[in-house]
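Me: I would like to learn how to read a protein model feature by feature, beginning with what a database record says and then turning to the atoms. Could you take me through one?

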Amino acid sequence: MTKPLNEREIVLGILMDVTEHDVYSHIALGNVLSKYQYLDKKERAFITRVTEGTLEHMIEIDYILDQFSKVKTRKMKPVIRNILRSAVYQLKYMDTVPDSAVCNEAVKLAVKKGFGPLKGFVNGVLRSTARGLDKVEYPKEAVKGLSVRYSMPEWILGKWLQEYNIDTVEKILADFQKEKPVTIRCNTSYITPKELEERLRSEGVTVMAHPYLPYAFSITGYDYLGELSSFQEGLFAVQDISSMLAGEIASPKEGDYIIDVCAAPGGKSVHLADKLRGTGHVEARDLTEYKTGMIQENIDRMRMENISAVLQDATVLHEASVEKADMVIADLPCSGLGVLGRKTDLKYKVTKIQTDELAALQKEILDTVYRYVKPGGTLVYSTCTINRAENIDNVHWFLETHPEYALNSIQDRVCRELQGSVQEEGCLQLLPGVNDSDGFFIARFMKKGSSS
C-alpha cells in the first residue's frame with residue numbers, strides 16, 4: 001500500500017515554504033519533524049538530510065540543472081524547480097539512493113502535484129543530469145568558482161575576501177558544509193559534567209568532551225532530542241560553544257545583577273544564571289512577547305530561579321536601569337553569517353543593505369544600553385557573524401564615542417587553543433574551519449570608575 005505522504009513530498013513542502021514563502025529552514029524543518037514524530041528514525045533522517053543538503057548546495061544545484069535543462073531554473077515553475085533541486089542533491093550527494101529511483105520518484109511527485117504534462121521534462125532533465133554529472137565543468141574565475149562550489153552568494157564572498165585571505169575564506173566555506181554534532185552545555189546547578197556524560201551514555205547517546213570548555217559536550221546517536229529524559233529534566237541546554245564562550249568571557253561574580261538586552265531564546269542568560277550559583281539576578285529582555293515566551297520556556301526547563309524574562313525594546317532607554325547593572329550583555333541582532341552551517345538558507349535571504357542596516361542598529365542599541373552599566377561594571381558585546389563592520393569596526397566606534405569605556409583583557413578567560421584568535425586583548429573573533437565553533441565575535445568592555 002502506498003503511504004499517503006512520503007518523505008520526498010514532505011521535503012518538497014519544506015523547500016516550498018523556505019524558498020517561496022520566506023520561512024526559515026530550521027523553523028520549517030523543526031515543525032515538520034515535530035509533526036511527523038511517528039515516522040521512523042531512518043525516514044526522518046532522510047527528510048532532514050535532503051532538506052538541509054538541497055538548501056546548502058542550492059547555487060551549485062541550480063548551476064548543474066542549467067547545464068542540462070533548456071529552461072533555466074529561475075524560469076521554472078516553483079514546484080518543478082524544487083522537485084528537481086532535491087532530486088539533483090540526491091543524485092550528487094547520496095550514493096545509497098539509486099539514480100533510477102531518484103528519477104522515478106521525482107516524476108511521480110510531479111504528477112501527484114498536478115504537473116502531469118511536465119513529467120517528460122522532469123524525467124529527461126534528471127536522466128541527462130545523472131549521465132553527465134561527473135563531467136560538469138565549474139567556473140574558472142575565483143569568486144564565481146567559489147560561489148558555485150560552495151553555494152555562497154558572490155556579494156558575501158566579495159565582502160569576506162576583502163577581510164580575509166582566500167585560504168581562510170575557503171576553510172570557512174568548507175566548514176559550513178560539514179556535518180557537525182550537536183553541542184550542549186551542562187546545567188551545573190543540577191548535575192556535574194561527569195554525571196551528565198554518564199547519564200547521556202545510559203540513554204544511548206554518543207558523547208564527546210569539547211576541547212574548549214569542561215562543561216561542554218558534542219552529542220550524536222540519539223533519535224529525537226526532546227525524548228531524552230535528561231533534556232526534559234533540564235540537565236543540559238543545546239548551545240554552540242561560541243555562545244558559551246560569551247558567558248565564559250563575561251565571567252560574572254556571584255551576586256551580580258545582569259541585564260541581557262536582546263536575550264531570546266535565552267541560552268546565554270540561563271548560562272549566566274547558572275554561573276551565579278543561585279545568587280544575584282539575570283534580567284533577560286527582548287522585544288516581543290513571543291521572544292520573552294521563548295526565554296521563559298528555557299528558564300522553566302532549566303529550572304533556574306535567579307532569572308526573569310522581561311519585555312523591553314533595547315533601542316528605548318529604560319530610565320530605571322541607568323547605572324544599575326554590574327554587567328550588561330549585548331548579543332545583538334546581526335547578519336548571522338557566522339552560523340550558515342546551521343541556518344543554511346540565511347545566506348540567500350540576507351542582503352548587503354541589510355548588513356549595513358544591522359551595523360547601524362547595533363550602534364543604536366549600544367548607544368542606549370551602555371548607560372545601564374555601573375562605574376567599574378562590564379559590557380559584553382557579541383554577534384554571530386564574521387563581518388568586520390558588525391564586529392571590530394563597531395568596537396572602534398564605541399571606544400571613540402564612549403571614552404568612559406575601555407577594552408578589558410580576555411587572555412585569561414579563553415583556553416590555550418583560542419589565544420591566537422584574541423584581537424586587541426579584549427576581543428575574540430571565532431571563524432568556522434579555523435576554530436572548532438560557529439563564526440562568532442565577543443568583546444569585553446570595562447566602564448571606568450569604581451562601583452563602590
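Reply: Let us begin with the record: UniProt positions are given in the numbering used here, and annotations may be inferred rather than shown by experiment. With that caution, an unreviewed UniProt entry lists residues 172-448 as "domain: SAM-dependent MTase RsmB/NOP-type". The model itself is predicted, and over residues 172-448 its chain is 30% helix and 24% strand, with the end C-alpha atoms 37 Å apart.

Me: How should I read the overall dimensions, and what radius of gyration would a compact globule with 452 residues have?

Reply: The idea is to set the radius of gyration against a rule that depends on the number of residues. A compact globule with 452 residues would have a value near 22 Å, and the protein has 24 Å, which agrees. Along the principal axes, the C-alpha atoms fill a box of roughly 80 × 50 × 40 Å. The secondary structure comes to 18 helices and 13 strands, and buried residues make up 52% of the 452 residues. Among contacts with a separation of 6 or more, 73% are accounted for by residues 24 or more positions apart.

Me: Which residues touch the most other members of the largest nonpolar core?

Reply: A nonpolar core is a set of buried residues of certain kinds, joined through side-chain atoms. Here the largest such core has 51 residues, of which L196 and L428 touch the most other members. Helix α13 gives the largest share of this core, six residues. Because domain 2 (182-238) and domain 3 (241-447) both give residues to this core, it lies between them. Apart from it lies another core, of 47 residues, including L15, M76, A110 and L126. Returning to L428, and not counting residues up to four places away in sequence, its contacts include L245, I249, F440 and F441.

Me: When I look at a single helix, what covers the buried residues of α4?

Reply: One first picks out the helix residues that count as buried, and then asks which elements are in contact with them. In α4 (residues 58-68), the buried residues are M58, E60, I61, D62, Y63, I64 and L65. Their cover includes α1 (7-20), α3 (41-56), α5 (78-93), α7 (119-132), α8 and α16 (346-349).

Me: Where does UniProt place the "binding site" feature, and what surrounds its residues?

Reply: The unreviewed entry places this feature at C262, A263, A264, P265, G266, G267, K268, D286, D313 and D331. G266 lies in the loop between β5 and α14, and it counts as buried because its relative accessibility is 0%. Leaving out residues up to four places away in sequence, G266 touches I295 and N298. D286, by contrast in its setting, is found in strand β6 (residues 281-286), and at 6% relative accessibility D286 counts as buried. With the same kind of sequence neighbours left out, the contacts of D286 include C262, A263 and A264.

Me: Which residues are joined by a cis peptide bond, and which residues other than glycine have a positive phi?

Reply: Such backbone features are read from the omega and phi angles. A cis peptide bond joins A264 and P265, with omega about 5°, and P265 is found in the loop between β5 (257-260) and α14 (267-275). S151 has a positive phi, near 50°, and sits in the loop between α8 (142-150) and α9 (154-163), where S151 is buried at a relative accessible area of 0%. S251 also has a positive phi, of about 45°; S251 is found in the loop between α13 (241-250) and β5, and at 27% relative accessibility it counts as partly exposed.

Me: Where does C384 lie, and why is C334 not bonded to it?

Reply: A disulfide is a covalent bond between the sulfur atoms of two cysteines. The structure holds zero disulfides. The sulfur of C334 is 3.4 Å from its closest cysteine sulfur, in C384, and this is too far for a bond, since the cut-off is 2.5 Å. C262 has its closest cysteine sulfur in C334, at 11 Å, which is also too far. C384, listed by UniProt for "active site" in an unreviewed entry, lies in the loop between β9 (373-383) and α18 (392-401). C384 is partly exposed, with a relative accessible area of 23%, whereas C334 counts as buried at 17% relative accessibility.

Note on methods. Residues are numbered from 1 along each chain as its sequence is written. This is a predicted model: local features need pLDDT of at least 70, side-chain atom pairs count only at pLDDT 80 or more; totals for chains, interfaces and linings use all residues. Side-chain values use heavy atoms; hydrogens and water are left out. Helices (H or I, at least four residues) and strands (E, at least two) are DSSP runs, numbered from the N terminus. Buried means under 20% relative accessible area, exposed over 50%, partly exposed in between (1.4 Å probe, protein chains only). Contact means heavy atoms within 4.5 Å. A nonpolar core is a set of buried Ala, Val, Leu, Ile, Met, Phe, Trp, Tyr and Cys residues joined through side-chain atoms within 4.5 Å. Domain bounds come from an automatic or database domain assignment. The radius of gyration is taken over C-alpha atoms; the globule rule is 2.2 Å times the number of residues to the power 0.38.
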